[in-house]
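Reader: Hi! I'm in my first year, and I'd love a close look at how charged side chains pair up in a protein. Could you take me through one example slowly and then on to its surroundings?

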Amino acid sequence: MRKQFVRLFLSFVLVLAVVLGIQGIVVFASLQNQRASWTESVFQEYLDTFTANLKAGLSSTPSSFFAIEQLLLVSADDRVSGLYIRNPDGTVAVAYGNTSSGNSLPIPRPRPSEGPMTTMHHDLPMAEEAIGDQGFTSSEMHSDVYVVKILQSGSVTSLMVSKQSERQKQTVLLPPQVKANDIAGSLVIMYNNEVLGMVDVLTYTPFTYKNTGRLFKGLLYPFLWAMPFAFIIALLMAASVSRRSQRYTSGIQAALQHLSSGENGVELPSTKIDEQKVINASIQQLDENLLLNKVSRQAWLRSISHDLNTPVASMKLLLDGMSDGVFPVTEQMLRNLKRENDTLSDRIALVSLYANLQSPDTKATQSELDVASFIQQVFDAFSDEQKDRIYIDADDARLIADQKLLSYACKALLSNALQASDESVGWAIGENCMTFTNTGHLAEGIDFFEPWTKGDSSRGTAGSGLGLPIVKQVMRLHQGTAIIEEREGNVIVSLRW
């Protein structure tokens, strides 16, 4: 029971682990998608705000990156965590704000003095943490890059914003505190086809905000708490199922031991599981079949004793009469004695043949038969008078079978049919199929393929009762079927393999 419990427990745990794993992947993918959507929306709003401010300020000094830098700072709302402003060659000139996790943005060197930066109000403090140039490494840009181009021709100034294609993504220098996917988007600012500078925009994540973080944690905590509860549920389910299964297994074991001891009428454990109901039904059927076989064996023994005792008693009577002088020792008396001896020998041979056909060592060696020679082999067992009563239809005959076994079956069926009727007997041969027809009627409630039963009521008691059982065993060895039926006053036996 312990092994069964462990197997069930591990199975339940595996199922729960798969379900929780799938849920975890879905939750993680959803959070990543929400974060990406958040970042994209924040950057798009920042870009729209910046271009709107830039359009409004084109009448001032648009060629001065210092003035544009003020607009970049003013356009940032509280969702923008920081800005990396780069020189045209890609090196960091100045940084404002923090990383997406709230840490200060490092810069490679002190910012060159360009005058005070307090002329306009903004919420992003200037980064002051300086690290060496070697602290910045090249990273491939993962975010979208937009080109903000200021075109001035005489007194006319225009603004054009376009998105770079994927093939034009560039490599930037980033400190270890910033990953490439932390950058929500980048801007390349140009004035009359001259690059003034580049700007990397960093945003906070939804988890940065307490209320949003609590919301996501509220979704995550039930998932985490579900793991120990799932473990406990798997433990209880495994214990419950293993106990029921052990009770059922013990009941089945007791029932099979009861059957193996030769007893019948087993008691099976009750169950509501469909698969176990099938097992119960099979064992119940086995019980019934074993009981039928027991009764059948007893009937066989009685039939064999009676069948063999009849010629033995006749021979003993004749021999005792001849010995006592009651019967004269004449040629007729000797023929009668020989006839009884032949009857006894034939019945012993049939019993032996039936037993051999049931042996697991007996196999059917099938090959294509010469139909004409096969028919002649079968006919050799009958007298000329009997042959004249057999009508053969073998126009479409093609047989692949064990010739010796199939000849046994054909002889038995023709012999039974000739004994059952004084009229003609039909023998039709097709492609691996045969039918034998004689006039007569079948008795009801009889399994004609059981030993020592008569094939039809017109045959009386002259037969041995082993003809059809032998036919059934021959067809079994050929993986075929034998069927007997009454149709329009005729008894028809059909063989097919």
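To begin, how many residues apart are Lys 387 and Asp 384 in helix α7?

Author: Happy to help! This is a predicted model, in which local features need pLDDT of at least 70 and side-chain atom pairs count only at pLDDT 80 or more, while totals for chains, interfaces and linings use all residues. Residues are numbered from 1 along each chain as its sequence is written, and side-chain values use heavy atoms, leaving out hydrogens and water.

Lys 387 and Asp 384 are 3 residues apart in helix α7 (residues 384-388), so about one helical turn separates them. Helices (H or I, at least four residues) and strands (E, at least two) are DSSP runs, numbered from the N terminus. The two residues form a salt bridge, with their closest N and O atoms 4.0 Å apart. That term means a side-chain nitrogen of Lys or Arg within 4 Å of a carboxyl oxygen of Asp or Glu. Why pair at all? Side chains of opposite charge can do so when their charged atoms come close.

How open are the two partners? Asp 384 is exposed at 57% relative accessibility, whereas Lys 387 is partly exposed at 22%. Here buried means under 20% relative accessible area, exposed over 50%, and partly exposed in between (1.4 Å probe, protein chains only).

The structure holds 11 salt bridges, and some reach further along the chain. Lys 163 pairs with Asp 144, at 3.4 Å between the closest N and O atoms. Lys 163 sits in strand β5 (residues 156-163) and Asp 144 in strand β4 (residues 144-153), so this pair ties together parts 19 residues apart in sequence. Both are partly exposed, Lys 163 at 46% and Asp 144 at 24%.

Glu 431 and Arg 398 form another salt bridge, at 3.7 Å from N to O. Glu 431 is in the loop between β12 (425-429) and β13 (433-439), and Arg 398 in the loop between β10 (390-393) and β11 (400-401), so parts 33 residues apart in sequence are tied together. Glu 431 is exposed at 53%, and Arg 398 is partly exposed at 35%.

Three of those strands, β10, β12 and β13, belong to an open sheet of 5 strands, ordered β10-β12-β13-β15-β14 with mixed pairing. Two strands pair if DSSP finds at least two bridges between them. β10 and β14 (481-487) stand at the edges with a single partner strand each, so one side of each has no neighbour in the sheet.
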